[in-house]
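Thanks for coming, everyone. I have one structure to walk through today. Please put it up on your screens.

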Amino acid sequence: MLILGIESSCDDAAAAVIETAHPGRARVLSSTVANQDDIHRAYGGIVPELASRNHVITILPVIERALETAGHALSDIDGIAVTRGPGLVGSLLVGLMCAKGIAHSLGRPMVGVNHIEGHLLAPMLEHELAMPYLALVVSGGHTALFVVEDFGRYCRLGSTRDDAAGEAFDKVAKLMGLGYPGGKVIDELSRTGNRKGVRIPRARIKGAPMDFSFSGVKTAVAAWLASEMGATTESADLAASFQEAVVDMLIRPTMEAARATGAETVALTGGVAANSRLRTRLAEALESEGRRLVAPSLKYCTDNAAMIAIAGSYRLLRGEADSLDIDAQANLAL
Ligand code: KG4
Ligand code: ZN
């Protein structure tokens, strides 16, 4: 089956073509993304109205590019998988309406996919993964631990009580005047910094060891910058200290969940999975207990449509389709 994936839930418009015959096993023929960082940078964060307006401009060229790279015509496509939520409703609508138009005109099935399910199954694009496995999803909008029990069966063990980890990176980068998006800049700056240069308290949630909280670290950085020491602290030291705190606060609940479920394999996914320190430290922590870390390449960690295609593929392979009446849902639950 040739599946066209379409993703537009936030600020990236993406399309991909995958070929699959078995659920969870796919060949990615193309995966294209139109990134809007340059548009939102001036505002220090995503402006929803600008995101959806730009999707309207880029979505068709992105789909055309995905088809061209894959060497297929639109009429070759056997099914369409599109992100239905969660996300910004205006952004979601652009991709969803486009998918409906294509499905209707070709007379092919379309399925709506939960964006988080895409992140959870993204590691399968490159790795053979036996279920169940534990997955840590860390992005700009989400931070959560799930057991991937089967296709369509996901059990949430914990999630953030306030900010997502990526949001904390972006907000701290803004406080430090490092620009947007912040994760990559902080990651790079931290390489030359002293991780113990600034004392950043680690949050723990009483009675919920698999939950996360990142608003405290952000406040700690703001307080440090406003203090007398703030003016003389090397920004590399502050970045490295902040990053180490976030990494600690991601690793502890993940190890807790790995032990509680006896998981042998832990998948790391979402934009923050690009963080070099998180990858290294989580791999070490898991290996020390005889467990294995599986992390997708960076292009499949951040928002992309190949993950949406694979997450929709098991339903399309079963012959299922959603009605063309489905709506975009900003808070779609998994
Ligand atoms: O998954 P994603 O592309 O979009 C969402 O669904 O949110 O994730 C984007 C997030 C941003 O917050 C960005 O700052 C963060 O991922 N990010 C990183 C790194 N690269 C991207 N965070 C930490 N370290 C990185 N290297
Ligand atoms: Zn995402």
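I will start with the domains, go on to the sheet and its helices, and end at the interface.

One caution before that: this is a predicted model.

Domains, then. The assignment splits the protein chain into domain 1 and domain 2. Domain 2 covers residues 129-295. Domain 1 is written in two pieces, 2-122 and 302-317. Their C-alpha centres sit 27 Å apart. Keep those ranges in mind.

Now the sheet. It is open, and it has five strands. Read across it and you get β3-β2-β1-β4-β5. The pairing is mixed. Which strands are at the edges? They are β3, residues 25-34, and β5, residues 110-114. Each of these pairs on one side only. There is some twist to report as well. On average, neighbouring strands are turned by 25° against each other, direction ignored.

A quick reminder: strands of a sheet pair through backbone hydrogen bonds, either parallel or antiparallel.

Let's zoom in on one pair. Strand β2 spans residues 13-22. How do β2 and β3 run? Antiparallel, joined by nine bridges. Two positions to find on your screen: Ala15 stands opposite Thr32 in β3, and Ile18 has Val28 as its bridge partner. Together β2 and β3 make a hairpin, with two residues between them. Look for Gly24 in the turn. Its phi is positive, about 80°.

Next, the helices on this sheet. I will show two. Helix α2 is residues 48-70. It lies across β1, β2 and β3. Its angle to β2 is about 35°. Helix α12 is residues 306-317. What does α12 lie across? β1, β2, β3, β4 and β5. It runs at about 40° to β2.

Last stop, the interface between the domains. On the domain 1 side, 19 residues make contact with 16 residues of domain 2. The buried area is about 1500 Å². Carbon and sulfur atoms give 69% of that. How many salt bridges cross this interface? The rule finds zero. For polar contacts, it finds five residue pairs. Which elements of domain 1 give two or more residues to the side touching domain 2? They are α1, residues 37-40, and α4, residues 115-121. The largest share comes from α4, with five residues.

That's the tour. Over to you for comments.

Terms used. Residues numbered from 1 in each chain as written. Chains lettered and ligands numbered in written order. Predicted model: local features only at pLDDT ≥ 70, side-chain atom pairs only at ≥ 80, totals over all residues. Heavy atoms only, no water. Pairing = 2+ DSSP bridges. Helix = DSSP H or I, 4+ residues; strand = E, 2+ residues; numbered from the N terminus. Axes fitted to C-alpha atoms, helices over the stretch in contact; angles between N-to-C directions. Contact = heavy atoms within 4.5 Å. Domains from an automatic or database assignment. Buried area = accessible area lost by both parts, 1.4 Å probe. Salt bridge = Lys/Arg side-chain N within 4 Å of Asp/Glu carboxyl O. Polar contact = N/O pair within 3.5 Å; in protein donor to acceptor, adjacent residues only side chain to side chain.
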